[in-house]
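Let's walk through this model together, one question at a time. Have the sequence and the coordinates open as you read.

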Amino acid sequence: LTAKQDARSLQWRSASPASPMSAEDNSYILAEPRLGLLANLGQTTATLGRQIADVPGSTWLLAGAAILASSLLDKSLDEWAVDNQQGTGAQIANASNALPYALALGTGLLYTGIAGPGSASTAETAVKAAGYTLGANLMTKYVVGRARPSAEQGSTQFDGFSSASVASSFASNHVALAFALVTPFAQTYHMPWLYGVAAATAAGRIQQRDHWASDTVAGAFMGYAIGSLLNDQKQGDMAMRLSVTGQAIEAKWPLK
C-alpha cells in the first residue's frame, strides 16, 4: 500500500456480504470506496484560499510584470493574425484550438482508472484545477471586460461589470484550462514538455483574433498557479518524509 502511495489506502473498509460467508469466498472483506470530485470540496476550497493568500507579493509582481511585458506584443501579433487568416496559419490555429478539448478528454479517461489509481488520482486533481480555473477566470473576465481583437476597439478598451463582460477577452479560457489540466501531470510525473503542449493553444487564440497575446499569458499563469496549488495539496498529504539517524535512513509516507 505504501509503495503505491494511494490516497485511498486507509479508506478500504469492511462491507456486508451479499451472500452468506464461506471459507472459499472472502472477496466481500474489502470494498473500494467511492470517491467523487466533490469529496472534501469545502476543505479543498478553504485550503486553496489560504494557499493563494500565502503567495508572496514578489510573485504577484513578477506575474503582473510578465503580463504587462507581453502586452507590448499585442498590436504586432494581432497584425500578424490579420495577415494570416487563411492557409497554413488557419490550419495550425484550428489544431491548437482543439488542444484543450483533447486534454480534457484524455484527463477524463485517466480519471476512470484506465491507467491505474495513481494516474486516476492525478487526473482528479487536474479536473478540479480546471473547474477552479474556469470559475476564477469567468470572474476575472466579468471584472476586466477587455474588448477582443476582432471587435476592432483596440487592446485598451475595457468595460467590466456588465452582462457582456463574462465573454470578454482577458484572460483566455482555452489557455488557462490547458495549463490547469497539464500542470498536475507535468509536476507529478516530471514531464515539463506538457507545458509546451498547453502553450501551443495560445497560437490559435491569437491567430483567430479571439485574444490578445497578453490574454494568453495571463491565462497560462492562472492555470499553472491553480494547478500547482491543488497538486501541492495532494502531494502534501502523501509526501515522503526522509529522516537520517546513526543507524538507518527512514522514508515515511503519512497515510491520512
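Q: Is H7 largely enclosed by the rest of the structure or largely open?

A: A note first: this is a predicted model, where local features need pLDDT of at least 70, side-chain atom pairs count only at pLDDT 80 or more, and totals for chains, interfaces and linings use all residues. Residues are numbered from 1 along each chain as its sequence is written, and side-chain values use heavy atoms, leaving out hydrogens and water. Helices here are DSSP runs of H or I with at least four residues, numbered from the N terminus, and buried means under 20% relative accessible area with a 1.4 Å probe, protein chains only. Because 13 of the 16 residues of H7 are buried, H7 is largely enclosed.

Q: Which element gives the most residues to the largest nonpolar core?

A: A nonpolar core joins buried Ala, Val, Leu, Ile, Met, Phe, Trp, Tyr and Cys residues through side-chain atoms within 4.5 Å. This one has 16 residues, and Phe 179 and Val 182 touch the most other members. Two or more residues come from each of H6 (117-144), H7 (173-188) and H8 (193-199). The top contributor, with 7 residues, is H7.

Q: At which residue does the kink in H7 lie?

A: The bend is the angle between axes fitted to the seven residues ending at a position and the seven starting there. In H7 the kink is about 35 degrees, shortly before the proline Pro 184. Its position is Val 182.

Q: Which residue with a positive phi follows H7?

A: Look just after the helix for a phi near 55 degrees. That residue is His 190.

Methods:
Buried < 20%, exposed > 50% of the residue type's maximum accessible area, 1.4 Å probe, protein only.
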